[in-house]
Amino acid sequence: QVQLVESGGGLVQAGGSLRLSCAASGRTFTSYVMGWFRQAPGKEREFVGAINWSAGNTNYADSVRGRFTISRDNAKNTVYLQMNSLKPEDTAVYYCAARKAYSTRVYYYSSSEYTYWGQGTQVTVSS
């Protein structure tokens, strides 16, 4: 049974940093793409970024590129989302997701392309 469990959310001031974690279990994820999405109140869920677990290549939304970094720890079966220079508009529930990878491809932007989801963790950025 696949489980994705996010943690690390919280309240931070604008300009601050947070690191979210996504602990994955239930199978080997080396042939998967791990994505991060977020959903603000009244808005649709949007793509934040993704990492191809095996290849290590990443892809980011324009709104976070240069501020957010995705990485993974194979030994811990965990994916991280390092968020720097946070803005109030980054406030949302952040979700971890997983899907099977095809080769080194990492360009999966739609939530419908992902199979497994975590429960989400709240990130609030105050101005």
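**Strand E9 and its disulfide**

Strand E4 (residues 32-39) and strand E9 run antiparallel and are joined by 8 bridges. Please keep in mind that this is a predicted model. Let's take a friendly tour of E9, its pairing partners and the disulfide that involves one of its residues, Cys96.

**Setting of E9**
- Strand E9 covers residues 92-100, and 7 of its 9 residues are buried, so the rest of the structure largely encloses this strand.

**Strand partners**
- On the E4 side, Phe37 has Tyr95 of E9 as its bridge partner.
- E9 also pairs with strand E11 (residues 121-126), in the antiparallel sense and over 3 bridges.
- In that pairing, Val123 of E11 is the residue that stands opposite Ala92.
- Strand E10 (residues 116-117) is another antiparallel neighbour of E9, joined to it by 2 bridges.
- Here Trp117 of E10 is found opposite Ala97.

**The disulfide**
- The structure holds 1 disulfide, formed by Cys22 and Cys96 with their sulfur atoms 2.0 Å apart.
- This pair links distant parts of the chain: Cys22 sits in strand E3 (residues 18-25) and Cys96 in strand E9, 74 residues apart.
- The torsion about the S-S bond of Cys22 and Cys96 is about -75 degrees, which means that the disulfide is left-handed.
- Buried requires under 20% relative accessible area; Cys22 has 0% relative accessibility and therefore counts as buried.
- Cys96 is likewise buried, because its relative accessibility is 0%.

Terms used:
Residues are numbered from 1 along each chain as its sequence is written. This is a predicted model: local features need pLDDT of at least 70, side-chain atom pairs count only at pLDDT 80 or more; totals for chains, interfaces and linings use all residues. Side-chain values use heavy atoms; hydrogens and water are left out. Buried means under 20% relative accessible area, exposed over 50%, partly exposed in between (1.4 Å probe, protein chains only). Helices (H or I, at least four residues) and strands (E, at least two) are DSSP runs, numbered from the N terminus. Two strands pair if DSSP finds at least two bridges between them. A disulfide is a pair of cysteine sulfur atoms within 2.5 Å.
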